[in-house]
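Me: I'd like to take a close look at one part of this chain and then follow the contacts outward from there. Could you walk me through it in one connected account?

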Amino acid sequence: MPRCCVLCGAGGEGELCAGCERELPFNESCCARCAVPLPEAKGELLCGPCAQRPPPYDRALSLLRYAYPADKLIQKLKFNAQLHLARLLGERLAGYVARHVTQAPQVILPVPLHRTRLRERGFNQALELARPVARRLNIPLDYRSCARVRATAAQSLLPAAERRLNIKGAFQITRPLAARHAAIVDDVMTTGHTVEEFAATLRKAGVEKIEVWVLARAAP
Ligand SMILES: [Zn+2]
Ligand SMILES: [Zn+2]
C-alpha cells in the first residue's frame, strides 16, 4: 500500500508529496557559524552574536528553517511518535550535510535526552534522526557515551533569559570519548543554548572540532 502524504493526505506520491516538498523552507541564507536564518546572507556572513562571541562549536548546519510545513513534520515526529518521519527527514539532512562537509567527523553524537523524558516519550528524536545520517554518511553513531544528567524544564517553555541557566550542567560524558572531531545531531535549534552547553561539555572532554547538524533552525 503506498503511503499518503503526511502533510496533505495526497495519495500515490509517498510520505511527502512533491507539492509539500516544494513548500519546505530550506535554510538557504544563514549565519556561516550558527546557521541562524539571515536575510540575503551571501558567502561567509556572520550574525551579530557570532561576530561578537562565537559559540563553542565550529559550525552549525541546518537543513530547514523552523517554519511551516517543517514545524508540522517535526511536531508529528516528536509528539505523535511518527518515527518513519525520522528516516525521511534524517535522510534529507544527511544529503544536505554531505554537500557541505569536507572532512567527515569521527563520530555522531545525538543530543541526549534525560531518562525521565525518554520514558515519557519512548524515544529520543535526536537519536532517531541521527541513525539515517550516520548510516548514509558511514560515520559511527555513539549514543551511550554522553548523558543528560539533569532533568531540565523544556527550553521552549522558558523565557529566553532563563534558558541558558536552565541547561547549565545538564550534560555529562559517561565514557571516555576517543574522537577529536564530532558532530552533534538535534532536531530543532532555537536559542542554541542546548547545543552550546552540549558542545562546551564535549570541548572539556577533549573534542577539538565540533559540528552541529540540525533539521531546523528557528530565529531565537
Ligand atoms: Zn502533500
Ligand atoms: Zn551566528
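Let's start with a single residue: where is alanine 35 found?

Reply: Happy to. Keep in mind that this is a predicted model. Alanine 35 is found in the loop between helix 1 (18-23) and helix 2 (48-52). With 1% relative accessibility, alanine 35 counts as buried, because the cut-off for that word is under 20%. Its backbone deserves a glance too: phi of alanine 35 is near 65°, a positive value in a residue other than glycine. For context, most residues other than glycine have a negative phi.

From alanine 35 we can step to serine 62, which touches Ala35. Serine 62 lies in strand 1 (residues 59-65), and serine 62 is likewise buried, at a relative accessible area of 1%. Leaving out residues up to four places away in sequence, serine 62 also touches Asn27, Tyr96, Val214, Leu215, Ala216 and Arg217. Two of the approaches made by the serine 62 side chain are to backbone atoms: the backbone oxygen of leucine 64 is reached at 2.9 Å, and the backbone nitrogen of arginine 217 at 3.1 Å.

The stretch Val214, Leu215 and Ala216 takes us to another buried residue. Aspartate 187 is in contact with Val214, Leu215 and Ala216, and these residues also appear among the contacts of serine 62. Aspartate 187 is found in strand 5 (residues 181-189) and, with a relative accessibility of 3%, counts as buried. Setting aside neighbours within four places in sequence, the other residues in contact with aspartate 187 are Ile74, Lys78, Gln125 and Leu129. One of these contacts has a polar part: the side chain of aspartate 187 makes a polar contact with the side chain of lysine 78, at 3.0 Å. As a distance check, proline 105 is 82 residues from aspartate 187 in sequence, and their C-alpha atoms are 19 Å apart.

Some of those partners lead into the helices. Helix 3 spans residues 70-79, and its axis comes within 8 Å of the axis of helix 4, crossing at roughly 135°. Helix 3 and helix 4 are therefore oblique to each other, and helix 3 passes helix 4 in a left-handed crossing. On the helix 3 side, the contact is made by Leu73, Lys76 and Leu77; on the helix 4 side, by Leu85, Ala86 and Leu89. Sorted by class, this contact of helix 3 with helix 4 has five nonpolar residues, no polar ones and one charged residue.

Just ahead of helix 3 there is a backbone feature to inspect. The peptide bond from tyrosine 68 to proline 69 is cis, with omega near -5°, and proline 69 sits in the loop between strand 1 and helix 3. By way of comparison, most peptide bonds are trans.

Helix 4 has a second partner. The axes of helix 4 (residues 84-100) and helix 6 (residues 125-137) come within 8 Å and cross at roughly 45°. That angle makes helix 4 oblique to helix 6, and this crossing is right-handed. Helix 4 contributes Ala86, Arg87, Leu89, Gly90, Glu91, Leu93, Ala94, Gly95, Val97 and Ala98, while helix 6 contributes Glu128, Leu129, Pro132, Val133, Arg135, Arg136 and Leu137. By class, the contact of helix 4 with helix 6 has ten nonpolar, two polar and five charged residues. Ala86 and Leu89 serve in this contact and also in the one with helix 3. Leu129, for its part, belongs to the helix 6 side of the contact and is also in contact with aspartate 187.

To finish, look at the loops on either side of helix 6. Glycine 122 is placed in the loop between helix 5 (115-121) and helix 6, and glycine 122 is exposed, with a relative accessible area of 60%. Glycine 122 and alanine 81 are 41 residues apart in sequence, with their C-alpha atoms 8.4 Å apart in space. Asparagine 138 has its place in the loop between helix 6 and strand 3 (146-148). Asparagine 138 is exposed, at a relative accessible area of 71%, whereas alanine 35, where we began, is buried. What asparagine 138 does have is a positive phi of about 60°, although it is not a glycine.

Conventions:
Residues are numbered from 1 along each chain as its sequence is written. Chains are lettered from A and ligands numbered from 1 in the order in which they are written. This is a predicted model: local features need pLDDT of at least 70, side-chain atom pairs count only at pLDDT 80 or more; totals for chains, interfaces and linings use all residues. Side-chain values use heavy atoms; hydrogens and water are left out. Axes are lines fitted to C-alpha atoms, for helices over the stretch in contact, and angles run from 0 to 180 degrees between N-to-C directions. Helices (H or I, at least four residues) and strands (E, at least two) are DSSP runs, numbered from the N terminus. Angles under 35 degrees count as roughly parallel, over 145 as roughly antiparallel, 65 to 115 as roughly perpendicular and the rest as oblique. A crossing is left-handed if the near helix is turned anticlockwise from the far one by less than a right angle, and right-handed if clockwise. Contact means heavy atoms within 4.5 Å. Ala, Val, Leu, Ile, Met, Phe, Trp, Tyr, Cys and Pro count as nonpolar, Asp, Glu, Lys and Arg as charged, and the others, Gly among them, as polar. Buried means under 20% relative accessible area, exposed over 50%, partly exposed in between (1.4 Å probe, protein chains only). A polar contact is a pair of N or O atoms within 3.5 Å; within protein, one must be able to donate a hydrogen and the other to accept it, and residues adjacent in sequence count only if both atoms are side-chain atoms.
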